[in-house]
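Here's a quick tour of one protein model, from a sheet to a ring pair to the overall numbers. Have the viewer open as you read.

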Amino acid sequence: MKTIDLNSPSQKFAFLTRGQLRAVLTFVVATLQLSFFGCSSGDTKQQKAQAAGPRTVSVAVAKVEQQDVPVYLTGLGSVTAFNTANIKSRVDGQIMQVNVREGQNVKQGELLIVIDPRPFQVQLEQMQAQLFKDQATLRDAKLNLDRYTALIPSGSIAQQQVDTQKATVDQLDGQVRTDQAQVDNARLQITYCHITAPFNGRIGLRQVDPGNIVHASDTTPMLILTQLQPIAVIFTLPEDQLQTVSKHMRNSTLQVDAYARDNQTKLATGKLQTIDNQIDQTTGTAKLKAVFDNVDNQLWPNQFVNANLLLETRKNSTVLPTAAILRGPQGTFVYSLKPDKTVEARLIGISLTQGNITTITSGLNPGDLVVTDGQDKLQTGSKVEPRANAPSSTPSGRNGKGLPASEAPSSGTPVS
């Protein structure tokens with residue numbers, strides 16, 4: 001007979017029915033699920049507790065500063081030569097000499113081109129000979145008039161003959177004057193053969209060479225002379241700004257800075273000379289003319305420039321980066337950083353927006369810190385972690401070209 005060990009686990013389960021075994025397995029699975037949900041519930045509570053706590057936002061900040069702020073008006077302009085001369089011949093003849101090189105700087109009165117003067121020299125000699133002949137005839141007529149006049153008291157000559165001789169003298173005197181004018185004209189033609197510079201300037205590309213025949217009727221100039229020192233810039237401003245510009249012009253001479261196409265590279269500094277006498281109705285703008293010394297030849301005729309007209313400089317203004325300014329239902333405001341690293345929304349009054357800086361009249365004091373990046377995640381009382389701001393965004397920073405913010409070529413718009 002086979003002996004059964006009831007203490008063996010396999011034997012214990014052997015006496016369990018199928019229903020009893022299913023119940024045991026169900027109990028084990030339920031126990032495991034309860035343990036899992038209990039752990040998950042603990043994790044969820046911990047996450048909620050973490051979410052309920054304050055969250056720190058990383059933001060960029062900048063300091064509110066006090067500095068002098070220049071107020072600029074910016075207009076598009078074009079460089080114009082102060083004087084331009086198309087050098088043409090006033091006589092017909094052959095070019096004998098060209099005494100200048102292309103691109104050469106010349107002084108006023110310097111000899112540029114010599115046209116063959118010999119034909120005009122011959123004409124001068126002919127006119128001088130005719131003048132000499134008529135002068136001799138005039139002297140003889142005057143002597144006869146003196147003789148006739150002396151015979152009048154004695155009655156030896158008729159008064160009519162004396163009057164006729166006087167008319168002859170006058171006719172010969174007129175002929176002599178005509179001869180003198182022809183002599184002067186011949187000399188003038190010789191002067192025209194020697195073409196000189198009418199002003200200081202720079203020679204352009206020449207159109208003719210020595211040996212060519214030129215005519216007074218030619219339309220193509222032999223040379224183009226352009227005055228570069230000084231030089232002018234013609235730029236436009238909206239008509240609404242003319243009254244302000246005119247008012248400041250009466251008080252002082254206004255400074256104009258010329259910048260290159262990138263509006264960053266400063267080319268030259270000059271003075272505003274005048275405002276045009278009419279407004280262009282099609283564009284609603286007026287032309288203004290500024291004069292530059294152009295000593296280093298940074299400006300060239302027909303060059304495109306951005307003209308920055310300095311109206312005034314506002315002393316000891318409170319400024320902050322324009323990037324810090326937000327607008328809401330209550331008005332213009334910024335987020336100010338408090339010592340406990342929380343932020344506060346503060347309303348401000350704007351006086352002037354000038355490029356990357358803004359001048360304010362109220363709401364902040366020099367030395368306060370304002371948020372310039374990350375404002376979309378903030379509200380009053382938010383905890384923040386400040387980081388250094390980009391130098392170009394601060395009022396005292398420099399732009400990409402190394403220019404101080406006070407020299408940045410941006411137009412200011414005063415707030416009314």
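## A four-stranded sheet

In this predicted model, four strands make up an open sheet with antiparallel pairing, and their order is E6-E5-E3-E8. The edges belong to strand E6 (194-196) and strand E8 (213-214), each of which pairs on one side only. In general, strands of a sheet pair through backbone hydrogen bonds, either parallel or antiparallel.

Let's zoom in on one edge. Strand E5 (residues 111-115) runs antiparallel to E6, and three bridges join the two. If you want a spot to click on, try Ile113: its bridge partner in E6 is Ile195.

## The ring pair

How many aromatic pairs does the structure hold? Just one. A pair of this kind is described by the distance of the centres and the angle of the planes. Here the partners are Phe333 and Tyr335, with 5.7 Å centre to centre and 90° between the planes. That makes the pair edge-to-face, because planes over 60 degrees apart count as such. Are the two residues buried or exposed? Phe333 and Tyr335 are both buried.

## The whole protein

Zooming back out, the protein has five helices and 21 strands. Some overall values:

| Property of the protein | Value |
|---|---|
| Buried share of the 416 residues | 35% |
| Share of contacts with a separation of 6 or more that come from residues 24 or more positions apart | 75% |
| Share of the exposed area supplied by carbon and sulfur atoms | 51% |

As for the exposed area itself, the protein shows about 25,100 Å².

Note on methods:
Residues are numbered from 1 along each chain as its sequence is written. This is a predicted model: local features need pLDDT of at least 70, side-chain atom pairs count only at pLDDT 80 or more; totals for chains, interfaces and linings use all residues. Side-chain values use heavy atoms; hydrogens and water are left out. Two strands pair if DSSP finds at least two bridges between them. Rings of Phe, Tyr and Trp (its six-membered ring) pair if their centres lie within 6.5 Å; planes under 30 degrees apart count as stacked, over 60 as edge-to-face and the rest as tilted. Buried means under 20% relative accessible area, exposed over 50%, partly exposed in between (1.4 Å probe, protein chains only). Contact means heavy atoms within 4.5 Å. Accessible areas come from the Shrake-Rupley method with a 1.4 Å probe; for residues, only the protein chains shown count as cover.
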